[in-house]
Amino acid sequence: MKRDNFIVCRCEDITWQEIEELVKRGFTLEEIKKLTRCGMGYCQGRTCFNILIRLLKISDPKKIPKKRPPLKPISIEKIINYFEK
Amino acid sequence: MKNNFDIVIIGAGVVGAATGYYLSQFGLKVAIIEKDYPTAGSTGRCIGGVRQQFAHPPTIKLMIQSVKLLTEYQEELKWDIEWYQGGYLFLAYSEKEKENYLKAIKIQQEFNLPVNFLSPEECQKIVPDLNSEGLLGGAFCPTDGQVNPFKLTFNYLKEIKRNKGVLYNFQKVVKIETKNSKVIGLKTDKNEYFSSPIIINCAGPYAKEIGKLVNLDIPVEPERHEAIVTEKVEHLFPCMIVDYRMDGCYFVQKHKTGNIVGCYTPVPNVPGYSLESSFEFFIEMPRRMARIIPKLKEIRILRQWAGSYEMTPDGNPIVGETPIEGFYLNCGMCGHGLMFAPAIGKALAHYIVKKESILPLEEFSLFRDFSKKEVMK
(Lines give C-alpha, C1' and ligand atoms only; values in the text may rest on other atoms or scores of the structure.)
Protein backbone atom coordinates (compact mmCIF):
# COMPACT_ATOMS: atom_id res chain seq x y z
CA MET A 1 0.00 0.00 0.00
CA LYS A 2 1.28 3.48 -0.85
CA ARG A 3 1.66 5.39 2.35
CA ASP A 4 1.33 8.94 0.93
CA ASN A 5 -2.39 9.02 0.32
CA PHE A 6 -3.19 6.60 3.08
CA ILE A 7 -6.03 7.99 5.21
CA VAL A 8 -4.96 7.95 8.84
CA CYS A 9 -8.01 9.72 10.25
CA ARG A 10 -11.32 8.81 8.69
CA CYS A 11 -13.36 11.20 10.81
CA GLU A 12 -11.42 14.29 9.76
CA ASP A 13 -10.09 12.99 6.44
CA ILE A 14 -6.38 13.33 7.13
CA THR A 15 -3.69 11.52 5.16
CA TRP A 16 -0.40 10.09 6.38
CA GLN A 17 1.36 12.64 4.15
CA GLU A 18 -0.19 15.55 6.07
CA ILE A 19 0.86 14.03 9.38
CA GLU A 20 4.39 13.27 8.19
CA GLU A 21 4.75 16.87 7.02
CA LEU A 22 3.96 18.15 10.54
CA VAL A 23 6.25 15.57 12.16
CA LYS A 24 9.08 16.79 9.91
CA ARG A 25 8.39 20.34 11.11
CA GLY A 26 8.91 19.15 14.69
CA PHE A 27 5.37 18.99 16.02
CA THR A 28 4.47 16.45 18.70
CA LEU A 29 1.44 14.17 18.52
CA GLU A 30 -0.47 16.47 20.93
CA GLU A 31 0.18 19.44 18.67
CA ILE A 32 -0.71 17.46 15.56
CA LYS A 33 -3.99 16.48 17.20
CA LYS A 34 -4.82 20.12 17.85
CA LEU A 35 -3.70 21.40 14.45
CA THR A 36 -5.37 18.75 12.30
CA ARG A 37 -8.16 17.61 14.68
CA CYS A 38 -6.95 14.05 14.10
CA GLY A 39 -8.25 12.13 17.13
CA MET A 40 -10.91 14.73 17.89
CA GLY A 41 -13.53 13.31 15.55
CA TYR A 42 -16.28 10.78 16.03
CA CYS A 43 -13.93 7.88 16.80
CA GLN A 44 -12.10 9.93 19.46
CA GLY A 45 -8.75 8.60 18.32
CA ARG A 46 -9.67 4.94 18.51
CA THR A 47 -8.75 4.36 14.88
CA CYS A 48 -6.22 7.07 14.05
CA PHE A 49 -4.10 7.16 17.20
CA ASN A 50 -3.34 3.45 17.02
CA ILE A 51 -2.11 3.91 13.47
CA LEU A 52 -0.09 6.99 14.36
CA ILE A 53 1.47 5.49 17.47
CA ARG A 54 2.65 2.55 15.38
CA LEU A 55 3.89 4.56 12.39
CA LEU A 56 5.60 7.20 14.54
CA LYS A 57 6.97 4.52 16.88
CA ILE A 58 5.82 6.30 20.02
CA SER A 59 6.53 4.26 23.14
CA ASP A 60 6.33 6.91 25.88
CA PRO A 61 2.70 6.90 27.12
CA LYS A 62 3.08 10.55 28.19
CA LYS A 63 3.43 11.50 24.53
CA ILE A 64 0.07 9.95 23.66
CA PRO A 65 -2.91 12.33 24.04
CA LYS A 66 -5.09 11.53 27.02
CA LYS A 67 -8.38 9.69 26.49
CA ARG A 68 -11.38 11.79 27.50
CA PRO A 69 -14.78 10.65 28.73
CA PRO A 70 -17.31 9.44 27.65
CA LEU A 71 -16.16 6.05 26.34
CA LYS A 72 -18.33 6.35 23.28
CA PRO A 73 -20.52 9.14 21.86
CA ILE A 74 -23.88 9.35 23.58
CA SER A 75 -26.87 11.53 22.73
CA ILE A 76 -27.90 14.41 24.97
CA GLU A 77 -31.39 12.93 25.17
CA LYS A 78 -30.06 9.63 26.54
CA ILE A 79 -27.99 11.43 29.16
CA ILE A 80 -30.97 13.53 30.26
CA ASN A 81 -33.45 10.65 30.34
CA TYR A 82 -31.10 8.34 32.19
CA PHE A 83 -30.23 10.80 34.92
CA GLU A 84 -33.60 12.55 35.30
CA LYS A 85 -34.65 12.37 38.94
CA MET B 1 26.48 33.63 24.35
CA LYS B 2 23.79 31.71 22.51
CA ASN B 3 21.08 32.26 25.12
CA ASN B 4 21.20 36.05 25.10
CA PHE B 5 17.84 37.57 24.34
CA ASP B 6 16.21 41.01 24.38
CA ILE B 7 12.99 39.53 25.72
CA VAL B 8 12.18 36.26 27.46
CA ILE B 9 8.50 35.29 27.70
CA ILE B 10 7.34 32.63 30.13
CA GLY B 11 4.47 30.64 28.60
CA ALA B 12 3.56 29.75 25.00
CA GLY B 13 -0.17 30.12 25.34
CA VAL B 14 -1.98 32.58 23.12
CA VAL B 15 -1.10 35.52 25.41
CA GLY B 16 2.63 34.77 25.43
CA ALA B 17 2.59 34.11 21.69
CA ALA B 18 0.74 37.37 20.88
CA THR B 19 3.03 39.41 23.14
CA GLY B 20 6.09 37.78 21.57
CA TYR B 21 4.75 38.38 18.07
CA TYR B 22 4.41 42.13 18.57
CA LEU B 23 7.77 42.44 20.36
CA SER B 24 9.52 40.48 17.60
CA GLN B 25 8.03 42.90 15.08
CA PHE B 26 10.04 45.67 16.73
CA GLY B 27 13.15 43.72 15.74
CA LEU B 28 13.75 42.40 19.25
CA LYS B 29 15.18 38.93 19.80
CA VAL B 30 12.46 36.98 21.60
CA ALA B 31 12.62 33.66 23.42
CA ILE B 32 9.53 31.86 24.70
CA ILE B 33 9.99 29.28 27.43
CA GLU B 34 7.14 26.78 27.65
CA LYS B 35 6.93 24.08 30.32
CA ASP B 36 4.89 21.80 28.08
CA TYR B 37 4.06 22.46 24.41
CA PRO B 38 2.29 25.54 22.98
CA THR B 39 -1.46 25.66 23.83
CA ALA B 40 -1.08 22.79 26.34
CA GLY B 41 -2.57 24.93 29.12
CA SER B 42 -5.66 27.13 29.12
CA THR B 43 -5.41 28.21 25.47
CA GLY B 44 -5.91 24.68 24.16
CA ARG B 45 -8.82 24.13 26.49
CA CYS B 46 -10.93 27.21 25.79
CA ILE B 47 -13.98 27.16 23.54
CA GLY B 48 -12.87 29.98 21.26
CA GLY B 49 -15.32 32.83 21.89
CA VAL B 50 -14.44 36.47 21.19
CA ARG B 51 -16.77 39.21 22.42
CA GLN B 52 -16.83 42.96 22.87
CA GLN B 53 -19.87 42.91 25.16
CA PHE B 54 -18.35 43.80 28.51
CA ALA B 55 -19.45 46.33 31.11
CA HIS B 56 -16.02 47.78 32.00
CA PRO B 57 -15.08 50.53 29.46
CA PRO B 58 -11.31 49.68 29.29
CA THR B 59 -12.22 46.07 28.50
CA ILE B 60 -14.62 47.19 25.77
CA LYS B 61 -11.87 49.33 24.22
CA LEU B 62 -9.47 46.41 24.44
CA MET B 63 -11.92 44.03 22.78
CA ILE B 64 -12.80 46.42 19.95
CA GLN B 65 -9.08 46.48 19.17
CA SER B 66 -8.83 42.64 19.35
CA VAL B 67 -11.71 42.20 16.91
CA LYS B 68 -10.03 44.65 14.53
CA LEU B 69 -6.72 42.78 14.76
CA LEU B 70 -8.31 39.34 14.23
CA THR B 71 -10.03 40.69 11.13
CA GLU B 72 -6.67 42.05 9.91
CA TYR B 73 -4.89 38.73 10.48
CA GLN B 74 -7.49 36.92 8.43
CA GLU B 75 -8.24 39.46 5.70
CA GLU B 76 -4.87 41.10 5.18
CA LEU B 77 -2.26 38.70 6.51
CA LYS B 78 -4.28 35.71 5.22
CA TRP B 79 -3.77 33.71 8.40
CA ASP B 80 -5.94 30.60 8.55
CA ILE B 81 -7.44 31.17 12.03
CA GLU B 82 -11.15 30.42 11.45
CA TRP B 83 -12.20 33.89 12.64
CA TYR B 84 -15.94 34.13 12.15
CA GLN B 85 -18.21 36.96 13.30
CA GLY B 86 -21.41 35.15 14.18
CA GLY B 87 -22.19 37.34 17.19
CA TYR B 88 -22.84 36.79 20.89
CA LEU B 89 -26.34 36.49 22.30
CA PHE B 90 -26.80 37.03 26.05
CA LEU B 91 -30.21 35.71 27.08
CA ALA B 92 -32.34 37.43 29.73
CA TYR B 93 -34.75 35.37 31.85
CA SER B 94 -35.55 37.94 34.55
CA GLU B 95 -36.21 41.69 34.73
CA LYS B 96 -33.00 42.04 36.73
CA GLU B 97 -30.92 40.35 34.02
CA LYS B 98 -32.60 42.45 31.35
CA GLU B 99 -31.88 45.62 33.30
CA ASN B 100 -28.19 44.67 33.66
CA TYR B 101 -27.89 44.06 29.92
CA LEU B 102 -29.63 47.35 29.10
CA LYS B 103 -27.19 49.19 31.38
CA ALA B 104 -24.21 47.49 29.74
CA ILE B 105 -25.62 48.17 26.25
CA LYS B 106 -25.74 51.88 27.05
CA ILE B 107 -22.02 51.86 27.85
CA GLN B 108 -21.22 49.65 24.83
CA GLN B 109 -23.16 51.93 22.46
CA GLU B 110 -21.01 54.87 23.57
CA PHE B 111 -18.17 52.99 21.87
CA ASN B 112 -20.32 52.60 18.73
CA LEU B 113 -20.74 48.87 19.17
CA PRO B 114 -23.74 47.59 17.18
CA VAL B 115 -25.31 46.00 20.29
CA ASN B 116 -29.07 45.85 20.75
CA PHE B 117 -31.55 44.26 23.09
CA LEU B 118 -33.69 41.92 21.00
CA SER B 119 -37.19 40.60 21.68
CA PRO B 120 -37.63 36.81 22.00
CA GLU B 121 -38.96 36.75 18.42
CA GLU B 122 -35.92 38.65 17.15
CA CYS B 123 -33.66 36.23 19.05
CA GLN B 124 -35.39 33.35 17.27
CA LYS B 125 -34.60 34.95 13.92
CA ILE B 126 -30.92 34.45 14.77
CA VAL B 127 -31.34 31.12 16.57
CA PRO B 128 -34.43 29.49 14.99
CA ASP B 129 -34.51 26.55 17.43
CA LEU B 130 -34.30 28.73 20.55
CA ASN B 131 -36.78 27.85 23.31
CA SER B 132 -38.65 31.08 24.11
CA GLU B 133 -40.16 29.79 27.36
CA GLY B 134 -39.54 32.34 30.10
CA LEU B 135 -37.30 34.33 27.76
CA LEU B 136 -37.49 38.14 27.99
CA GLY B 137 -35.08 38.75 25.12
CA GLY B 138 -31.36 39.00 24.62
CA ALA B 139 -28.43 41.35 24.15
CA PHE B 140 -26.88 40.74 20.74
CA CYS B 141 -23.71 42.04 19.14
CA PRO B 142 -23.27 40.78 15.57
CA THR B 143 -19.57 41.67 15.35
CA ASP B 144 -18.54 39.36 18.21
CA GLY B 145 -17.38 35.94 17.08
CA GLN B 146 -15.19 32.88 17.37
CA VAL B 147 -11.63 31.93 16.47
CA ASN B 148 -9.54 28.75 16.50
CA PRO B 149 -7.25 29.04 19.56
CA PHE B 150 -4.65 26.57 18.26
CA LYS B 151 -4.37 28.10 14.84
CA LEU B 152 -4.12 31.64 16.22
CA THR B 153 -1.32 30.66 18.61
CA PHE B 154 0.61 28.67 16.01
CA ASN B 155 0.37 31.57 13.54
CA TYR B 156 1.89 33.92 16.10
CA LEU B 157 4.66 31.42 16.85
CA LYS B 158 5.41 30.93 13.16
CA GLU B 159 5.87 34.68 12.77
CA ILE B 160 8.05 34.89 15.89
CA LYS B 161 10.34 32.23 14.42
CA ARG B 162 10.42 34.13 11.13
CA ASN B 163 11.56 37.19 13.11
CA LYS B 164 14.46 35.13 14.53
CA GLY B 165 12.73 34.35 17.81
CA VAL B 166 13.15 30.96 19.48
CA LEU B 167 10.62 28.71 21.18
CA TYR B 168 11.85 26.36 23.91
CA ASN B 169 9.32 23.62 24.66
CA PHE B 170 9.28 21.24 27.63
CA GLN B 171 11.36 23.54 29.84
CA LYS B 172 10.12 24.82 33.15
CA VAL B 173 11.41 28.06 34.63
CA VAL B 174 12.80 27.30 38.08
CA LYS B 175 14.73 30.46 38.91
CA ILE B 176 14.63 34.13 37.97
CA GLU B 177 17.81 36.05 38.69
CA THR B 178 17.79 39.69 39.70
CA LYS B 179 20.50 42.24 40.45
CA ASN B 180 19.66 45.48 42.25
CA SER B 181 15.91 44.82 41.79
CA LYS B 182 16.36 44.33 38.03
CA VAL B 183 15.86 41.04 36.21
CA ILE B 184 18.95 39.73 34.44
CA GLY B 185 17.95 36.23 33.39
CA LEU B 186 16.35 32.93 34.24
CA LYS B 187 17.15 29.28 34.62
CA THR B 188 15.09 26.25 33.56
CA ASP B 189 14.81 22.71 34.86
CA LYS B 190 16.98 21.61 31.91
CA ASN B 191 19.71 23.68 33.54
CA GLU B 192 19.73 26.15 30.68
CA TYR B 193 20.35 29.80 31.43
CA PHE B 194 18.71 32.60 29.44
CA SER B 195 19.93 36.11 29.99
CA SER B 196 17.61 39.00 29.24
CA PRO B 197 16.87 42.46 30.66
CA ILE B 198 13.14 41.87 30.20
CA ILE B 199 11.10 38.88 31.36
CA ILE B 200 7.34 38.70 30.82
CA ASN B 201 5.12 36.47 32.92
CA CYS B 202 2.49 34.98 30.57
CA ALA B 203 2.16 31.80 32.60
CA GLY B 204 -1.65 31.89 32.82
CA PRO B 205 -2.85 29.85 35.81
CA TYR B 206 0.77 29.47 36.95
CA ALA B 207 1.44 33.22 37.00
CA LYS B 208 1.40 33.27 40.79
CA GLU B 209 4.04 30.52 40.96
CA ILE B 210 6.28 32.48 38.58
CA GLY B 211 5.74 35.59 40.72
CA LYS B 212 7.03 33.70 43.75
CA LEU B 213 10.39 33.30 41.97
CA VAL B 214 10.92 37.05 42.40
CA ASN B 215 9.08 37.26 45.75
CA LEU B 216 6.17 39.03 44.12
CA ASP B 217 2.61 38.23 45.14
CA ILE B 218 0.40 38.25 42.04
CA PRO B 219 -3.30 37.91 42.94
CA VAL B 220 -4.11 35.22 40.35
CA GLU B 221 -5.85 32.02 41.46
CA PRO B 222 -6.69 29.12 39.13
CA GLU B 223 -10.22 27.72 39.00
CA ARG B 224 -11.33 24.61 37.19
CA HIS B 225 -13.84 25.05 34.38
CA GLU B 226 -15.15 22.19 32.30
CA ALA B 227 -16.20 21.93 28.69
CA ILE B 228 -18.00 19.56 26.39
CA VAL B 229 -18.03 19.04 22.62
CA THR B 230 -20.64 17.40 20.42
CA GLU B 231 -20.37 15.61 17.11
CA LYS B 232 -20.43 17.67 13.92
CA VAL B 233 -23.87 18.73 12.79
CA GLU B 234 -25.36 21.05 10.15
CA HIS B 235 -25.31 24.76 11.03
CA LEU B 236 -27.97 25.41 13.68
CA PHE B 237 -27.00 28.86 14.98
CA PRO B 238 -24.20 31.35 14.23
CA CYS B 239 -23.55 32.93 17.62
CA MET B 240 -22.28 32.15 21.09
CA ILE B 241 -25.32 31.72 23.34
CA VAL B 242 -24.85 32.84 26.94
CA ASP B 243 -27.27 32.06 29.76
CA TYR B 244 -26.17 33.82 32.96
CA ARG B 245 -28.68 32.12 35.28
CA MET B 246 -27.30 30.33 38.32
CA ASP B 247 -27.70 27.05 36.42
CA GLY B 248 -26.96 28.58 33.03
CA CYS B 249 -24.27 27.78 30.49
CA TYR B 250 -22.74 29.08 27.28
CA PHE B 251 -22.07 27.32 24.00
CA VAL B 252 -21.21 27.98 20.38
CA GLN B 253 -21.18 26.01 17.17
CA LYS B 254 -17.78 26.04 15.49
CA HIS B 255 -18.43 27.56 12.10
CA LYS B 256 -15.73 25.61 10.28
CA THR B 257 -16.38 22.13 11.69
CA GLY B 258 -19.97 22.12 12.98
CA ASN B 259 -19.11 20.80 16.44
CA ILE B 260 -20.91 22.50 19.33
CA VAL B 261 -18.67 23.36 22.29
CA GLY B 262 -19.89 24.63 25.62
CA CYS B 263 -19.20 25.10 29.29
CA TYR B 264 -20.64 26.58 32.48
CA THR B 265 -19.26 28.37 35.50
CA PRO B 266 -19.63 26.02 38.46
CA VAL B 267 -21.35 27.29 41.61
CA PRO B 268 -19.56 27.20 43.99
CA ASN B 269 -16.32 27.61 42.07
CA VAL B 270 -13.65 24.91 42.03
CA PRO B 271 -10.32 26.46 43.02
CA GLY B 272 -7.01 24.74 42.33
CA TYR B 273 -4.99 23.27 39.48
CA SER B 274 -7.10 20.11 38.99
CA LEU B 275 -7.92 19.34 35.35
CA GLU B 276 -9.93 16.19 36.04
CA SER B 277 -13.30 15.82 34.36
CA SER B 278 -16.31 15.47 36.65
CA PHE B 279 -19.32 13.22 36.16
CA GLU B 280 -21.54 15.97 37.58
CA PHE B 281 -20.65 18.22 34.66
CA PHE B 282 -21.19 15.43 32.16
CA ILE B 283 -24.82 14.89 33.20
CA GLU B 284 -25.59 18.54 34.00
CA MET B 285 -24.25 20.37 30.93
CA PRO B 286 -26.39 18.50 28.35
CA ARG B 287 -29.53 19.33 30.38
CA ARG B 288 -28.68 23.03 30.46
CA MET B 289 -27.95 23.14 26.72
CA ALA B 290 -31.13 21.27 25.77
CA ARG B 291 -33.21 23.60 27.94
CA ILE B 292 -32.13 26.50 25.70
CA ILE B 293 -32.28 24.63 22.37
CA PRO B 294 -34.41 21.45 22.73
CA LYS B 295 -33.32 20.26 19.29
CA LEU B 296 -29.82 19.61 20.68
CA LYS B 297 -31.20 16.44 22.33
CA GLU B 298 -30.68 14.55 19.08
CA ILE B 299 -26.97 15.34 19.05
CA ARG B 300 -24.28 13.17 20.61
CA ILE B 301 -21.62 14.26 23.08
CA LEU B 302 -18.14 13.26 21.95
CA ARG B 303 -15.89 14.40 24.74
CA GLN B 304 -15.48 16.43 27.90
CA TRP B 305 -12.38 18.04 29.40
CA ALA B 306 -11.33 20.70 31.88
CA GLY B 307 -9.17 23.82 31.86
CA SER B 308 -8.09 26.56 34.22
CA TYR B 309 -9.52 30.07 34.44
CA GLU B 310 -6.91 32.30 36.04
CA MET B 311 -8.98 34.55 38.27
CA THR B 312 -8.09 37.95 39.72
CA PRO B 313 -10.06 39.58 42.56
CA ASP B 314 -11.94 41.95 40.21
CA GLY B 315 -12.26 39.79 37.08
CA ASN B 316 -9.88 41.95 35.03
CA PRO B 317 -6.39 41.05 33.77
CA ILE B 318 -3.08 42.15 35.28
CA VAL B 319 -0.82 43.75 32.70
CA GLY B 320 2.32 45.86 32.85
CA GLU B 321 5.12 46.75 35.22
CA THR B 322 5.99 45.35 38.63
CA PRO B 323 8.26 46.67 41.42
CA ILE B 324 11.06 44.58 39.84
CA GLU B 325 12.56 46.43 36.89
CA GLY B 326 12.25 44.47 33.65
CA PHE B 327 9.72 42.02 35.08
CA TYR B 328 6.38 42.48 33.33
CA LEU B 329 3.04 40.77 33.72
CA ASN B 330 0.49 39.73 31.12
CA CYS B 331 -1.69 37.37 33.11
CA GLY B 332 -4.89 36.99 35.14
CA MET B 333 -7.07 36.82 32.03
CA CYS B 334 -10.03 35.33 33.96
CA GLY B 335 -10.99 33.02 31.11
CA HIS B 336 -10.64 35.72 28.44
CA GLY B 337 -7.03 35.10 27.40
CA LEU B 338 -7.84 34.13 23.84
CA MET B 339 -10.01 37.16 23.13
CA PHE B 340 -7.76 39.62 24.97
CA ALA B 341 -4.49 38.28 23.51
CA PRO B 342 -4.29 40.19 20.20
CA ALA B 343 -4.90 43.65 21.68
CA ILE B 344 -3.28 43.12 25.05
CA GLY B 345 -0.17 41.58 23.47
CA LYS B 346 0.14 44.52 21.10
CA ALA B 347 -0.48 47.09 23.84
CA LEU B 348 2.09 45.61 26.21
CA ALA B 349 4.69 45.34 23.42
CA HIS B 350 4.16 49.02 22.56
CA TYR B 351 4.39 49.96 26.20
CA ILE B 352 7.65 48.06 26.73
CA VAL B 353 9.34 49.33 23.58
CA LYS B 354 7.99 52.84 23.20
CA LYS B 355 6.69 53.56 26.70
CA GLU B 356 3.42 54.61 25.10
CA SER B 357 -0.05 53.30 25.96
CA ILE B 358 -2.20 52.48 22.96
CA LEU B 359 -4.82 51.15 25.40
CA PRO B 360 -5.67 52.23 28.97
CA LEU B 361 -3.27 49.66 30.45
CA GLU B 362 -3.10 51.55 33.77
CA GLU B 363 -6.60 50.18 34.43
CA PHE B 364 -5.07 46.69 34.39
CA SER B 365 -2.06 47.56 36.52
CA LEU B 366 -0.89 45.36 39.39
CA PHE B 367 -1.14 48.49 41.56
CA ARG B 368 -4.83 49.21 40.91
CA ASP B 369 -7.69 49.00 43.39
CA PHE B 370 -9.02 45.43 42.99
CA SER B 371 -12.37 46.06 44.72
CA LYS B 372 -14.45 46.96 41.62
CA LYS B 373 -15.84 43.91 39.78
CA GLU B 374 -16.50 43.20 36.11
CA VAL B 375 -20.25 42.55 35.82
CA MET B 376 -20.27 40.57 32.57
CA LYS B 377 -17.77 37.94 33.69
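I take helices and strands as DSSP runs, with at least four residues for a helix and at least two for a strand, numbered from the N terminus. With that settled, I read chain A from its N terminus and noted the order β-β-α-α-α-β-α. That comes to four helices and three strands.

**Confidence.** I reminded myself that this is a predicted model, so I looked at pLDDT before going further. Chain A averages 90, and 96% of its residues score at least 70. I then asked where in chain A the confidence is lowest and where it is highest. The low end is helix α3 (residues 48-55) of chain A, with a mean of 90, and the high end is strand β3 (residues 74-75) of chain A, at 96.

**Overall form of chain A.** I checked the radius of gyration next. Chain A has 15 Å, whereas a compact globule of 85 residues would be near 12 Å. I also noted the spans of the C-alpha trace of chain A along its principal axes, about 50 × 25 × 20 Å. For burial, I found that 28% of the 85 residues of chain A count as buried. I looked at contact range too: among contacts in chain A between residues at least 6 apart in sequence, 48% join residues at least 24 apart.

**A sheet across both chains.** Here I followed strand β3 of chain A into its sheet. The sheet is open, has nine strands and mixed pairing, and is ordered β3(A)-β17(B)-β13(B)-β16(B)-β15(B)-β14(B)-β4(B)-β6(B)-β5(B). Why is one side of β3 of chain A left without a neighbour in the sheet? I see that β3 of chain A and β5 (116-118) of chain B stand at the edges, each with a single partner strand, so each has one side without a neighbour in the sheet.

I picked one pairing inside this sheet for a closer look. Strand β4 (residues 88-92) of chain B and strand β14 (residues 240-243) of chain B run parallel, joined by four bridges. I wrote down one facing pair, B:L89 opposite B:I241 in β14(B).

**Domains of chain B.** Last, I turned to the domain assignment of chain B, which gives domain 1 as 7-46 + 149-220 + 314-364 and domain 2 as 85-143 + 221-311. I noted 30 Å between the C-alpha centres of domain 1 of chain B and domain 2 of chain B. Their contact draws on 12 residues from domain 1 of chain B and 11 residues from domain 2 of chain B. What kinds of residues does domain 1 of chain B bring to the side that touches domain 2 of chain B? I found seven nonpolar, four polar and one charged on that side of domain 1 of chain B.

Conventions:
Residues numbered from 1 in each chain as written. Chains lettered and ligands numbered in written order. Predicted model: local features only at pLDDT ≥ 70, side-chain atom pairs only at ≥ 80, totals over all residues. pLDDT = per-residue confidence, 0-100. Domains from an automatic or database assignment. Contact = placed C-beta atoms within 7 Å. Nonpolar A, V, L, I, M, F, W, Y, C, P; charged D, E, K, R; others polar. Rg over C-alpha atoms; globule rule 2.2 N^0.38 Å. Buried ≥ 20, exposed ≤ 12 C-beta atoms within 10 Å, placed from the backbone. Pairing = 2+ DSSP bridges.
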